[in-house]
Amino acid sequence: MHGYGTRRSDSGGDRSMARLSTAAWPFLAAVAAALLCSVDAVIVEGLQVGFYNQTCPSAEEAVRDVVTSEIGLDRTIAAGIIRIFFHDCFVTGCDASILLDETPSGDVPEKESSANGFTLHGLRTLDVAKSTVESMCPRTVSCADILAFAARDAAVAAGIPFYDVAAGRMDGLRSNMDDLPGNMPTPSHQVPRMSELFVKRGLSQEDLVVLSGAHSIGGAHCFMFSNRIYGFSQGADIDPALEPAFAEKLRKVCPPRKDGDDPEQSPKVSFDGRTSEKLDNVYYSELLASRGLMTSDDALIKDPETKTTVDLFAGDNAVWQEKFAAAMQKLGAVDVLVGEGKGQIRKQCRLVNKPSKQSKPTSTRQSMPALRPKRKKPRLGLGNFIPGFHGFF
């Protein structure tokens, strides 16, 4: 989910949640209707649907209320939260490591990578959800589970039928931006490389095509795809795989890149210009019409194996939506930390809990690292962005 849902980062502290406007009520009614539909849950060993039924029975409802209220005021948050979920799970597993502002090791955290940084959108919503649940049930519900619930609720708000989310994840203690390069699909990747990375995370090539459909909502900054509309090759300034009228439209929005351009000021374009606020199969129809924004989007129709799946989804929205829900459940089980000593339940999602004098040290790969001086955060200009590396979603 390359750049979708991106806009200026909301990495500041909590603020009071805004009151829901009257205009948002039709939107909430649509969400309520979606909750009446469901798809079969994927039962994952170690995780459990209804995990908090005894310890914090209103946790999921509280997260849903926050997410739907925030999306009612700003529809772009739906894409942003799903993107954060993917970027968290795909690197070191679904451990909320992407939410950390700093770590005991002093490593620069994942959120400062050029794949994340200012493009993360929805962090404040997750802070509000965590503080709400924490006020109800202190030290009970992990940030990793709150993120999984919120991603589901964001998908439902955007039109996906309701699906269960198994819970029981613990929060990780480490986060390092150096874990991303080489482990995250990028906008310039072709199908073989993307499939390789998905299989490495326990996901399939079909999951790749299914989850790429999240590009039905949100958008990407021009610098993420400008290589397709300016200086594409020696023989063609524009990628010939793009529909000419679509390419010209993009060039009107996106000027040629210049040295010293501020990436935060780069214009944005919707992945799906027809139904940009609805999670549906129009994305696949747009691909078949040569209107895929990223190189990796277009790659799905060039590869014969994935094109067959694109054709299927373009013709059946219900099938894609059901498979999207199942793929999100599967993604949410990637390298989860489950059980005592595997991690912790953070009090704040941005910070690892400080060890108390009475606490016993953990004895797993998530043991608290030794403190060392913090590395300086990189200053992100366009020159700091790894070529083609801006995160898959």
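Is Arg251 buried, partly exposed or exposed, and what is its relative accessible area? In this predicted model, Arg251 counts as partly exposed, because its relative accessible area is 24%, and the salt bridge that this residue forms is described further below with the other charged pairs.

## Overall architecture

The secondary structure of the protein is made up of 12 helices and four strands. Of its 393 residues, 56% count as buried. When contacts with a separation of 6 or more are considered, 81% of them are accounted for by residues that stand 24 or more positions apart.

## Salt bridges

Side chains of opposite charge can pair when their charged atoms come close. The structure holds 22 salt bridges, and one of them joins the side chains of Arg124 and Glu70, with a distance of 2.4 Å from N to O. This pair links distant parts of the chain, since Arg124 belongs to helix α4 and Glu70 to helix α2, 54 residues apart. Both partners lie out of reach in the sense used here: Arg124 is buried, and so is Glu70.

A second example is the salt bridge between Asp179 and Arg174, whose closest N and O atoms are 2.9 Å apart. Asp179 is buried, because its relative accessible area is 18%, whereas Arg174, with a value of 29%, is partly exposed. The side chains of Arg251 and Asp237 also meet in a salt bridge, at 3.0 Å from N to O. Here again the pair links distant parts of the chain, with Arg251 in helix α8 (residues 244–253) and Asp237 in the loop between β3 (219–221) and α8, 14 residues apart. Asp237 is partly exposed, with a relative accessible area of 39%. Elsewhere, Glu60, Arg64, Arg152 and Asp153 are joined into one network by salt bridges that share partners.

## A buried charge without a salt bridge

Where does Asp95 lie in the chain? Asp95 is placed in the loop between α3 (76–92) and α4. Although Asp95 is buried, it has no salt bridge, and the nearest side chain of opposite charge, that of Arg346, is 5.8 Å away. The side chain of Asp95 does, however, make a polar contact of 2.8 Å with the side chain of Ser97.

## Aromatic pairs

The structure holds nine aromatic pairs. Among them is the pair of Tyr52 and Phe149, which is edge-to-face, with 6.4 Å from centre to centre and 75° between the planes. This pair links distant parts of the chain, because Tyr52 sits in the loop between β1 (48–49) and α2 (59–73) while Phe149 sits in helix α5 (residues 143–157), 97 residues apart. Tyr52 counts as buried at 5% relative accessibility, and Phe149 is buried as well, with a relative accessible area of 0%.

Tyr283 and Tyr284 form another edge-to-face pair, with 5.0 Å between the centres and 75° between the planes. Tyr283 is buried, and Tyr284 is buried too. Ring pairs also link these two residues with Phe313, Trp320 and Phe324, so that the five residues named make up a cluster.

## Residues listed as a binding site

Which residues does UniProt list for "binding site"? The record, an unreviewed entry, gives Asp272, Thr275 and Asp280 under that name. Thr275 has its place in the loop between β4 (268–270) and α9 (282–288), and Asp280 is found in the loop between β4 and α9 as well. Thr275 counts as partly exposed because its relative accessibility is 22%, whereas Asp280, at 4%, counts as buried.

Leaving aside residues up to four places away in sequence, Thr275 touches Ser216, Asp280 and Val282. With the same neighbours left aside, Asp280 touches Ser216, Asp272, Thr275, Asn317 and Trp320. The side chains of Asp280 and Thr275 are joined by a polar contact of 3.0 Å.

## Backbone angles

Most residues other than glycine have a negative phi, and most peptide bonds are trans. Arg139, in the loop between α4 (123–136) and α5, has a positive phi, near 55°. This residue is partly exposed, with a relative accessibility of 47%. Asp335, in the segment after α12 (317–331), also has a positive phi, near 45°, and Asp335 is partly exposed, with a relative accessible area of 42%.

Methods. Residues numbered from 1 in each chain as written. Predicted model: local features only at pLDDT ≥ 70, side-chain atom pairs only at ≥ 80, totals over all residues. Heavy atoms only, no water. Phe/Tyr/Trp six-rings, centres within 6.5 Å; stacked < 30°, edge-to-face > 60°. Helix = DSSP H or I, 4+ residues; strand = E, 2+ residues; numbered from the N terminus. Buried < 20%, exposed > 50% of the residue type's maximum accessible area, 1.4 Å probe, protein only. UniProt positions renumbered as here; feature names shortened; annotations may be inferred. Contact = heavy atoms within 4.5 Å. Polar contact = N/O pair within 3.5 Å; in protein donor to acceptor, adjacent residues only side chain to side chain. Lys, Arg positive; Asp, Glu negative; His and termini not counted. Salt bridge = Lys/Arg side-chain N within 4 Å of Asp/Glu carboxyl O.
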